[in-house]
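Today I opened a new model to look up two things, a pocket and the aromatic pairs. Here are my notes, in the order I made them.

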Amino acid sequence: MTALLDMTLPQLKELMQSWGEPAFRAVQITQGLARGEAPCEIKNIPQSLRRRLEECPLGGAKIHKKLVSADGTRKYLFMLEDGNIVEGVLMRYNYGNTVCISTQVGCAMGCTFCASTLEGKVRDLMPGEMLSEVLCVNRDAVQSGIGKVTNIVLMGSGEPLDNMDNVVAFLHLVNAPEGINIGMRNISLSTCGLVDKIYALAELHLGITLSVSLHAPNDEIRRRTMPVARAYSMQQLLEAARHYIKATGRRVIFEYTLIKGINDSRENAAELAGRLRGMQCHVNLIALNKVDERQLDSAEPVKMSVFEKTLRQHNISCSVRKERGSDIAGACGQLRRRYLKEGEEST
Ligand code: SAH
C-alpha cells in the first residue's frame, strides 16, 4: 500500500471512498498531516478512522535530534521508518524561515569536498519522507514561536536530480493548497549538474529556482573535485543552464565553494566571469566547510573577497554566503556522518 504521506489528495480521497468515508475526510487528513500531526493526533476525524489510519504505513520522518545554534539556526537529524538517518537545517532570515532538506540517504555523486557522499548512496528518499522533513521542522518552528517555514532548499544530502521522480512528486505535495502549500517560487533545487535532467526539469515549468554547483571555472579544475564533470563538460552544463533560463524566465544560481589552492585565484574568478558573461545568473560564493576525511581547506578570507571583487568588476552578480550554525556542527552531511561514526552521544 502507498504510504499516507506519499499520497496526493485525489489518492487519499480514493482511499476514503474505498473505506466508505466521505471525501472531505481526505482534506482533513491532509491538513492534519500538514500540521505535522500523526494520524492519531488529528482531532477532527472520528476515532475509528484514526485507528484505521494508524494501521497504514505513514512513510514519514521523525526528529531524532535537534541542535540549536546561537544564531538561531537549527539542525535536525531525522530518523526514517527503516532506521536510516538524514539531516536538515532551519535557517532564519529576515524574509522568512528556510528549511534545507535531504533528498537521498547518502549520495552517489562523489564530490571530493562533500561528506554526504563518503560512503555512497544508501537509497532515494520517497516524496512523503521529504515532505515529512519539512512538516516536522515546520511544526517545531511553530511550536517554538519562530513561525512557519516559508522557503525550502533541496541542498541537504543527496542529488535531487538523481531522484527526480520522487523529488517532483514531493514538490507537488508540498505545494498542494490543502497541505502546507509552499509556493514553487519559494523553493530552490540544487544540482551538481546532471545535464539531461536539467533539460527535463525545464520542461516541467515548475517555477522553482535552479541552483547549479559549479565550483570551478573550467573542466580541468572541475574534474579534480567533481566526478560528474567527467560525464558532462562545463560547456554542456552552461548550455543547459542557459536553456533553463530561457525556458522558465528565471535566473539560475551558481554555487561556487572556494577551496584553497584549487579554485580560489583571481585568474579563476576572471575565467569564470568570462564563461558566465551575459547570463541571467547570480553566483553564490561559499567558504568550504572542512570535512575531516578530506585534505581540502577553505580559501583564505582575503582570497574570497578578491574573488568576489573580480566577479563584480566583470559585472557578475554575486554574494558570499554567510556561514550559519557553525557552533553546532559541520554542515553538508557532517552531522549525520558524525552520528553514524561515533554514535548518538557525540552529536
Ligand atoms: N547534490 C546537490 C545538492 C546537495 S549539496 C548539489 O551538488 O548541488 C548542496 C551544496 O553544498 C552544493 O553546492 C555542494 O557542492 C555544497 N557542498 C557540499 N559539501 C560542501 C562543503 N564541505 N563545503 C561547502 N559546500 C559544500
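I started with F78, keeping in mind that this is a predicted model. F78 has a relative accessible area of 0%, so I noted it as buried, the cut-off being under 20%.

Next I looked up Y76, which also counts as buried, at 0% relative accessibility. Y76 and F78 form an aromatic pair. Their centres are 5.9 Å apart with 10° between the planes, and the pair is stacked.

Then I went to Y93 and Y95, which form another stacked aromatic pair. Here I wrote down 5.1 Å centre to centre and 5° between the planes. Y93 is partly exposed, with a relative accessible area of 29%. Y95 counts as exposed because its relative accessibility of 54% is over the 50% cut-off. My search of the whole structure found three aromatic pairs, and the two above are among them.

On to the second largest pocket, friends of the bench. Its volume is about 390 Å³. Which residues lie nearest its centre? I found G36, A61, K62, S132 and C136 there, out of a lining of 22 residues.

I also asked which elements give two or more residues to that lining. They are strand 1 (61–68), strand 2 (74–80) and helix 4 (127–143). Helix 4 gives the most, with six residues.

Last, I sorted the lining of this pocket by residue type: 11 nonpolar, four polar and seven charged.

Methods: Residues numbered from 1 in each chain as written. Predicted model: local features only at pLDDT ≥ 70, side-chain atom pairs only at ≥ 80, totals over all residues. Heavy atoms only, no water. 1 Å grid on protein atoms, 1.4 Å probe; cavity = no way out; pocket = protein on both sides within 12 Å on 5 of 7 lines; lining within 4 Å. Points joined across faces, edges and corners; volume = space filled by probe spheres on them. Helix = DSSP H or I, 4+ residues; strand = E, 2+ residues; numbered from the N terminus. Nonpolar A, V, L, I, M, F, W, Y, C, P; charged D, E, K, R; others polar. Phe/Tyr/Trp six-rings, centres within 6.5 Å; stacked < 30°, edge-to-face > 60°. Buried < 20%, exposed > 50% of the residue type's maximum accessible area, 1.4 Å probe, protein only.
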